[in-house]
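Thanks for coming. I will put the structure on the screen and then go through a few places in it.

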Amino acid sequence: MKPHPLLILLFFALLLNTCKSVKEVQDEPREYPQLERPADVEPMDITERHPYAAEVDSILADMSLEEKVGQLFVVMAYGTFTNDRERELLRLKRLVRDHYIGGVIFSTGDVYGQAILNNKLQYLSKFPIWISQDMESGAAMRVNGTTRFSPAMGIAATGNPINAYQKGQITAREARALGVHQVYAPVLDVNNNPENPVINVRSYASDPNVVSEFAIEFMKGLESEGVMATGKHFPGHGDTDTDSHLALPVIDHDYERLQELELVPFQNAIDAGLRSVMSAHIAFPNISKNDDLPGTLDPSILNRILLEDLQFQGLVVTDGLQMQGITDHFSPGDAAVLSILAGADVILLSPDELTAIDGMIKAVESGRIDEDRIDYSVRKILKTKKERGLFRDRFANIENLSRQINTPEYQAVADRIARESVTLLRNEGNVLPIHQAAFEDILVLGVSDGDGHSSAGLLAEETGKYYPSVQFRELNGRTTESEIEEIIEKSRNVDLVLIGSFIMVRSYHPIQMPERQLRVLQQITETGTPSALLAFGNPYVVRDLPYTNVHLLAWASDDNQVRQTVPALFGASPVQGSFPGEIPGMYSVGDGLSLTQSRIRYDIPEAAGLITDSLLNVDKIMQEAINDSVFPGGVVGVMRNGVMAWHQGYGYHDYNKTRAVEPDDVYDLASVTKVMATTTSIMKLVDEGKISLDDPVAKYIEEFKNGNKRQITIRHLLLHTSGLPAFRIYVDVFTTRHEIIQAVKDEPLINGVGSRYVYSDLGFILLAEIVEQVSGERIDLFTRKELFSPLEMNYTWFNPDLVGPEIYNRIPPSEIDPVYRRGLVHRKVNDERAYYMGGIAGHAGLFSNANDIAKYAFMLLNGGNYGGRQLISQETIEYFIGERSSINHRGLGFDRKNNDARVITAGTLSSERTFGHTGFTGTSLWIDPERDIAVILLTNRTYPTRQYGTQISRIRSKIADAVIESIKE
């Protein structure tokens, strides 16, 4: 038997498409197309004027009845690896090859498994196969490794229809890459029944106009990328409390009610260009003459209402005929025949395709169905395939998948939408945002209706990123009575219980909180411990626990939604969602409380407007510096737009290379102490009116009452224009704090006051003494109480060796000192004067990590506010970071970008407003307020001796420029 000529052509087309060399793919420039809205979608034209009408009629004329009937059916496939001899795959191939199946709907799978199987089936088929998939929540709803989005109600909760468009556009791009031509979404059902077990968050809202607005935007997003949208479930599945997967729902509304509510989104979407509609398996006895006939099989619903009244001309697809709402009452053959007679074009998921195909052929042969009626639907199907280019190219491009699926840009959009969807309905006692000072211990309780939920543990893990003391327990079907008693007792002894509800909305399952779990939760709420209910999935679960302090809706139970919800609990992302549904007696449409962002969030670079690919240049710079022995290791942190977007450790603690640097390792900041501790303390005292910048130092230090020292002010010390020398060794003579401080006070001036700029440690030693005299607390105690504790900087300390192993075990050594009798300087301050001052000084002595420094930088960029607490006024910050001297480029305490320097350590690309400081040990913090970005570098470049690391300034500059270059303009 000779192969069909068309198969030969298709074979070579496949070879040309999939044999593109890896080199060619790698050499292609990477593009990140913008997500833009094109013009409105044009309605589908199935008339004789259709440009493909003649070609389609020619193909149709040559088709046998068996081939035509086969085109009406869509069968299930799983997009996972399957051996070629596996039974179900062989059966699927036979359906495609021998029975001319017109479409395949992919269920679950993975990227490569689905694309490869798609190509295999397309190669076997005489006619192009129309590939469809249910992607209501993005491609990841079915395909692992793709981009997952919040469900429809979460999208509407953002209040921004463009989010629906972008979701549709990205979903379509990934669908097309996989070879999918039609997506079974958007849901056009109006969810006005809280007891609905099957629609729920799949619907956009309880308001038909809101449903229309968001669904149409999603549809346009799909169609902008050439993927067909499908409005479902006609004429409306929102007002039912029966799952059609399990039984036949019955809705008693009359036609007038449907016109006022359920049909509104369908009519609006059709008017906007909707090309396909999926029917619902629901009986409408007050509309149809057939009291118990499902809408899918009822001409009164499809022919009369959809095709005639709403004048829909596109593809009509049945919902899955394998559902019990159909199979309990109709045979496969009868269901298929009745659906076509009712007005459907495409038969989805018959429980027995061969029986249904045979029944359809016999119905035509017996005259029950006219063959012209079959031709009518097949013509629609073929025209759609022609229109979408399937007769030219039906194959997925395997080589391009890794560049087209789940890009960082796509994930950043999905993450942003998930964060914007979070909706706060109740916040009694202002529990949110959670503060360490208010709640010392937190219990995270993951509640699910099965044997557990995979995201419950992730909730605790993500909470741990923002909170130091978190305990975790699960409450599910496997929890024993003794474990329940322990959970209840634990809830009495903590300060806050976070209840993560993973009661999901899914077919074949109830949506209520199980009675056993509910009983336990009610006992917990009666303990008096504050509690927060976080509804991951079903929002209506709040009815079961009306008295928790917090009701927060997160719409979905997947890992990504959990990751994007947790920051909101701690003020690390704003809360702005509004409820698009209604919970009678509790919440109405539009309800929602707002919270602003007041802490840093941990996220991917793209979430902060940075490009990961470009930021990888930082890795290269750091590795080259380590190879050149500039330092043994270090940490780079990048915080932008309130997001800790890059936080990486490089190299090792020392040149033995046995202890790798971790991102949270703690480093000796050296002179960065001048800004983070001393300058910020002065700022706070100025804010409080306790000191003035123009106060003479003599007001606080007796030794400055004589001679020219009387002219020195606090301002002079901050600007390094006091006339004091840069430093004096002192420790060759003095070895106590009192002796060194007294020597500084007695140190003679080397320049006239205000006449020259000499960067001086001595001035900042004196400033710390002034802070102590004014506040009554030594600077380490003052900063811990007034700054670092409110900023939740748990790893920022003077004398970290006294704090505990959680801190000091993270510290690399900074030097081997043979000069001042210190030997290996490890866990102690490197600066010798600060060392002999007991580790506490205004110029050096502070230890910290990149995460804590990012919190400090965020506070400055956020107008002095952190965690909802105003630590320093914005006016004071602006004044201190600005250029405040006529003889140098510096701010008050802060260094600023210096374009006249031999090496611009702030980077050549940073703005002129960039401020920060560097540290002798190889540390630096540079903050660019114009770009809302902070670049943090922590190293121990002085190890093993100070002769190492002479190129540190160039490394600082290179890293700053690499970060700025990674900003996506």
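Where is the place of Q311? Q311 sits in the loop that runs between α12, residues 300-309, and β9, residues 315-317. Before I say more about that loop, please keep in mind that this is a predicted model.

I start with the backbone at Q311. Its phi is positive, about 55°, although Q311 is not a glycine. Most residues other than glycine have a negative phi. As for the surroundings, Q311 has a relative accessible area of 62%, so it counts as exposed.

There is another residue of this kind on my list. W555 is not a glycine, yet W555 has a positive phi of about 75°. You will find W555 in the loop between β16, residues 550-553, and α22. Is W555 buried or exposed? The relative accessibility of W555 is 1%, and the cut-off for buried is under 20%, so W555 is buried.

Next, the peptide bonds. Most peptide bonds are trans. Which residues are joined by a cis bond with an omega of about 5°? Those are F234 and P235. P235 belongs to the loop between β7, residues 231-234, and α10, residues 255-260. A cis peptide bond also links Y943 to P944, with omega at about 0°. P944 is in the loop from β30, residues 933-939, to α33, residues 952-965.

Let me stay with β30, because strand β30 is where T939 has its place. T939 has a relative accessible area of 0%, so it is buried. What does the side chain of T939 have around it? One of its polar atoms lies 2.8 Å from the backbone oxygen of G922. A polar atom of the T939 side chain is also 3.4 Å from the backbone nitrogen of R941. Leaving out residues up to four places away in sequence, T939 touches F631, G633, G634, Y667, T921, G922, T923 and I952. G922 therefore appears both in that list of contacts and, through its backbone oxygen, beside a polar atom of the T939 side chain.

Now back to α22, and to a helix that packs on it. How do α18 and α22 pack? The angle between helix α18, residues 408-421, and helix α22, residues 559-569, is about 60°, and their axes are 8 Å apart. Because of that angle, α18 is oblique to α22. The crossing of α18 past α22 is right-handed. On the α18 side, the contact is made by Q411, A414, D415, A418, R419 and S421. On the α22 side, N560, Q561 and Q564 take part. Sorted by type, the residues of this contact are two nonpolar, five polar and two charged.

I will finish with the chain as a whole. How many helices and strands does the protein chain have? There are 33 helices and 30 strands. Taken along the principal axes, the C-alpha atoms fill a box of roughly 120 × 65 × 50 Å. The chain has 969 residues, and buried residues make up 61% of them. Among contacts with a separation of 6 or more, 74% come from residues 24 or more positions apart.

To recap the backbone points: the cis bonds I showed come before P235 and P944, and the positive phi values are at Q311 and W555. That is what I had to show.

Terms used
Residues are numbered from 1 along each chain as its sequence is written. This is a predicted model: local features need pLDDT of at least 70, side-chain atom pairs count only at pLDDT 80 or more; totals for chains, interfaces and linings use all residues. Side-chain values use heavy atoms; hydrogens and water are left out. Axes are lines fitted to C-alpha atoms, for helices over the stretch in contact, and angles run from 0 to 180 degrees between N-to-C directions. Helices (H or I, at least four residues) and strands (E, at least two) are DSSP runs, numbered from the N terminus. Angles under 35 degrees count as roughly parallel, over 145 as roughly antiparallel, 65 to 115 as roughly perpendicular and the rest as oblique. A crossing is left-handed if the near helix is turned anticlockwise from the far one by less than a right angle, and right-handed if clockwise. Contact means heavy atoms within 4.5 Å. Ala, Val, Leu, Ile, Met, Phe, Trp, Tyr, Cys and Pro count as nonpolar, Asp, Glu, Lys and Arg as charged, and the others, Gly among them, as polar. Buried means under 20% relative accessible area, exposed over 50%, partly exposed in between (1.4 Å probe, protein chains only). A polar contact is a pair of N or O atoms within 3.5 Å; within protein, one must be able to donate a hydrogen and the other to accept it, and residues adjacent in sequence count only if both atoms are side-chain atoms.
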